[in-house]
Amino acid sequence: MYAMGQWNTSTGGRFYAGVGPYFGMGLSAKMKDSDIDLYKKVNGETPMSRMVVGGAAQIGYEFNFGLQINATYKLGITNSLDSMKDDAKMNSQTVSLGIGYRF
């Protein structure tokens, strides 16, 4: 659930922005040129976690004719390296650009 805000422009469009939590689930994590699946147990331990929880922020603009463009940044706060015994950490980061149309 995002906390969203919007600001109308004099041309009939609007800027919008939001922040909030997110939850993600990995579908596949295979090493390049290998069949090793990092989500499967190896010697009783799973190298990587499928689940990630974090925070997200989005900004965008909607034109007066319904076309929308936006950018989103997500930062995972959970460590994706499930069974690492040392201090190694891996947090996900995602940047995405979007385009849409509201009818």
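This briefing covers the strands, the sheet, the aromatic residues and a few chosen positions. The model is predicted. The protein chain has 103 residues. It contains five strands and zero helices. The five strands form an open sheet with antiparallel pairing.

**Overall make-up**

- From the N terminus on, the elements of the chain run β-β-β-β-β.
- Buried residues account for 28% of the 103 residues.
- The chain exposes about 7500 Å². Carbon and sulfur atoms supply 60% of that area.
- Take the contacts between residues at least 6 apart in sequence: 51% of them join residues at least 24 apart.

**The sheet**

- The strand order in the open sheet is β1-β2-β3-β4-β5.
- Strands β1 (3-8) and β5 (93-101) stand at the edges. Each has a single partner strand, so one side of each is left without a neighbour in the sheet.
- From one strand to the next, the twist averages 20°.
- Strand β3 covers residues 51-62, and strand β4 covers residues 67-76. They pair in the antiparallel sense over nine bridges.
- Gly54 has Gly76, in β4, as its bridge partner.

**Aromatic residues**

- The structure holds four aromatic pairs.
- One of them joins Tyr61 and Phe63, with ring centres 4.8 Å apart and planes at 80°. That angle is over 60 degrees, so the pair is edge-to-face.
- Phe63 also pairs with Phe65. Here the centres are 5.5 Å apart and the planes differ by 15°, which makes the pair stacked.
- Phe15, Tyr61, Phe63 and Phe65 form one aromatic cluster.
- Tyr61 has a relative accessible area of 14%. It is buried because this value is under 20%.
- Phe63 has a relative accessible area of 30%. This lies between 20% and 50%, so Phe63 is partly exposed.

**Arg14**

- Arg14 is found in strand β2, which covers residues 14-25.
- Is Arg14 buried or exposed? Its relative accessibility is 16%, under the 20% limit, so Arg14 counts as buried.
- The side chains of Arg14 and Gln6 are joined by a polar contact of 2.4 Å.
- Beyond its neighbours within four places in sequence, Arg14 is in contact with several residues, including Trp7, Asn8 and Thr9. Gly60, Tyr61 and Glu62 are also among them. So are Gln6, Gln68 and Arg102.

**Thr9**

- Thr9 is found in the loop between β1 and β2.
- Relative accessibility is 25% for Thr9. It counts as partly exposed because the value falls between 20% and 50%.
- Which residues does Thr9 contact, leaving aside its neighbours within four places in sequence? They are Arg14, Phe15 and Tyr61.
- Phe15 and Tyr61 belong to the aromatic cluster described above.
- Thr9 and Asn64 are 55 residues apart along the chain. Their C-alpha atoms are separated by 9.4 Å.

**Links between the topics**

- Tyr61 appears in three of these topics. It is in contact with Arg14. It is in contact with Thr9. It also forms an edge-to-face pair with Phe63.
- Arg14 and Thr9 are in contact with each other.

Definitions and conventions:
Residues numbered from 1 in each chain as written. Predicted model: local features only at pLDDT ≥ 70, side-chain atom pairs only at ≥ 80, totals over all residues. Heavy atoms only, no water. Helix = DSSP H or I, 4+ residues; strand = E, 2+ residues; numbered from the N terminus. Buried < 20%, exposed > 50% of the residue type's maximum accessible area, 1.4 Å probe, protein only. Contact = heavy atoms within 4.5 Å. Areas by Shrake-Rupley, 256 points an atom, 1.4 Å probe, with all protein chains shown as cover. Polar contact = N/O pair within 3.5 Å; in protein donor to acceptor, adjacent residues only side chain to side chain. Pairing = 2+ DSSP bridges. Axes fitted to C-alpha atoms, helices over the stretch in contact; angles between N-to-C directions. Phe/Tyr/Trp six-rings, centres within 6.5 Å; stacked < 30°, edge-to-face > 60°.
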